[in-house]
Amino acid sequence: MGREKFSERLRQAMDVAGLKQADLVRLADERGSKLGKSQVSQYVSGKVTPRLATLTLVADLLGVSPAWLDGTSAVGGPSGASDAATVRATARHTAAYTSNATSDQQISNKGSNLMRQFKKSNKLDNVLYDVRGPVVDEAARMEAEGERILKLNIGNPAPFGFRTPDEVVKDMRQQLTECEGYSDSRGLFSARKAIMQYAQLKHLPNVDMEHIYTGNGVSELIQLSMHALLDDGDEVLIPSPDYPLWTACATLAGGNPVHYICDEQAEWMPDIADMESKVTSRTKAIVIINPNNPTGAVYSREVLEEIVDVARRHQLMIFSDEIYDRLCMDGVEHVSIASLAPDLPCVTFSGLSKSHMIAGYRIGWMILSGNLRCMSDFILGVNMLSNMRLCSNVPAQSIVQTALGGYQSVETYVRPGGRVCDQRDFIWRALNEIDGITAVKPKAAFYIFPKIDVKKFNITDDEQFALDLLHDKKILITRGGGFNWAEPDHFRIVYLPRIEVLAECMDDLADFLTTYRQE
């Protein structure tokens with residue numbers, strides 16, 4: 001697809017239809033499809049061409065054939081009508097333009113009626129996951145054309161040279177022949193026993209084997225727990241910024257995510273007053289992410305006790321995402337909030353993806369603790385959903401005992417002189433040296449969430465900023481809005497690459513910002 005030909009025909013069709021860029025975004029939204037403002041801007045300017053699904057959507061909105069719009073056909077263009085509705089009506093008479101698994105091709109329809117279009121569920125209308133979203137799609141397109149992209153958008157240790165401990169790999173090999181069948185739906189006995197012992201070391205109260213569940217990463221268990229808890233319209237308090245899967249899963253389960261603010265001026269600690277002000281009669285639970293993604297904050301014991309007090313006053317469940325609990329730096333102690341709330345229903349999530357650098361193995365867990373009596377019906381729901389997926393990845397479960405009980409290689413990464421710690425120190429200093437950028441120093445994980453001076457750079461659209469940086473410097477970051485942060489003034493960087501790579505990246509970012517102004 002030629003960019004110039006596509007953008008020329010797109011502008012022509014929009015002129016004939018009397019539509020502006022904002023109109024395309026609105027029309028797509030009315031049909032239950034997502035079309036971002038920055039996407040349309042890139043298409044119109046000729047910087048980007050869409051993938052087939054988006055091409056087909058835009059063509060349908062404009063009443064032209066996809067083949068004409070992408071420049072591969074001379075027929076199927078706009079009829080010349082000035083009325084947008086009339087133009088769109090011609091789409092009913094446009095030949096179907098679809099693709100199969102191996103190649104794009106036009107499919108002939110038998111009979112006079114075209115095959116109906118199957119749209120995505122409207123349950124996805126308000127679901128966002130920009131960690132892998134439109135900007136990532138554009139990066140993939142650029143890579144397919146031979147561009148080299150520095151991917152600072154996702155916490156995936158393996159591509160940056162972080163290796164799984166040898167003992168873990170060896171033990172999985174040894175046990176593979178014993179992992180061919182399903183396990184108990186909750187998980188292998190050895191895995192859950194090791195998790196229970198780890199929970200005891202973290203001082204979680206009232207924990208037993210029956211209430212520990214393994215999952216294909218924490219992600220699966222977040223979705224499972226939200227579906228087990230929420231009825232339509234129920235509210236869940238979720239931090240802003242958040243790891244967006246929490247908001248997405250609450251939404252998919254029919255719930256209403258309500259975001260409480262984390263205060264950048266207080267090293268990204270939750271604003272307790274804001275949290276409590278957002279509790280209503282529909283609120284069922286508070287979610288915390290500690291250590292936090294995307295900010296790298298680690299919540300103090302005092303802050304956690306205040307959150308427990310809020311949950312206690314309003315009789316709320318607590319969900320605590322602690323996947324980075326073994327990646328704390330600077331001598332900071334991680335405290336599991338469940339250890340402070342023996343009288344409350346608590347669900348604690350963790351896993352090995354980050355601490356043992358085995359993100360691809362997909363092994364996480366959740367622990368139900370505290371007041372189990374008051375969540376007995378919730379537990380029935382968890383059991384039902386756990387049984388429905390049969391079990392989690394059994395080979396990955398087989399190494400939980402080895403990983404939790406053996407040598408903790410992650411400790412060498414997060415102490416002074418270790419890769420994660422040194423790279424954290426470097427990226428924090430480098431960002432703060434760039435005119436127009438400030439950043440709070442992370443205490444854990446491998447993310448930093450810098451603030452950009454939107455007035456200085458006239459930034460009103462953080463997705464556009466991310467796209468412009470990608471096109472100009474081949475650097476892929478995640479915009480702050482992707483973490484349900486309301487303002488376009490933040491973005492997340494993953495600091496897993498080695499310092500020499502980060503140094504080049506920071507030079508490129510500084511150079512980019514010397515002339516950048518958003519139009």
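**Exercise 1.** Is the crossing of α7 and α20 left-handed or right-handed?

*Solution.* The model is predicted, with local features needing pLDDT of at least 70, side-chain atom pairs counting only at pLDDT 80 or more, and totals for chains, interfaces and linings using all residues. Residues are numbered from 1 along each chain as its sequence is written, and side-chain values use heavy atoms, without hydrogens and water.

Step 1. Helix α7 spans residues 134-144 and helix α20 residues 462-473; their axes come within 10 Å and cross at roughly 15°. Axes are lines fitted to C-alpha atoms over the stretch in contact, with angles from 0 to 180 degrees between N-to-C directions.

Step 2. Therefore α7 is roughly parallel to α20 (angles under 35 degrees).

Step 3. The α7 and α20 crossing is right-handed: the near helix is turned clockwise from the far one by less than a right angle.

**Exercise 2.** Identify the edge strands of the open sheet with the order β13-β17-β16.

*Solution.* Step 1. The sheet has 3 strands with antiparallel pairing; strands are DSSP runs of E, at least two residues, and helices runs of H or I, at least four. Pairing requires at least two DSSP bridges.

Step 2. β13 (447-448) and β16 (478-479) each pair on one side only, and are the edge strands.

Step 3. Between β13 and β17 (residues 491-494) there are 2 bridges, and Tyr-447 has Val-494 in β17 as its bridge partner.

Conventions. Parallel < 35°, antiparallel > 145°, perpendicular 65-115°, else oblique.
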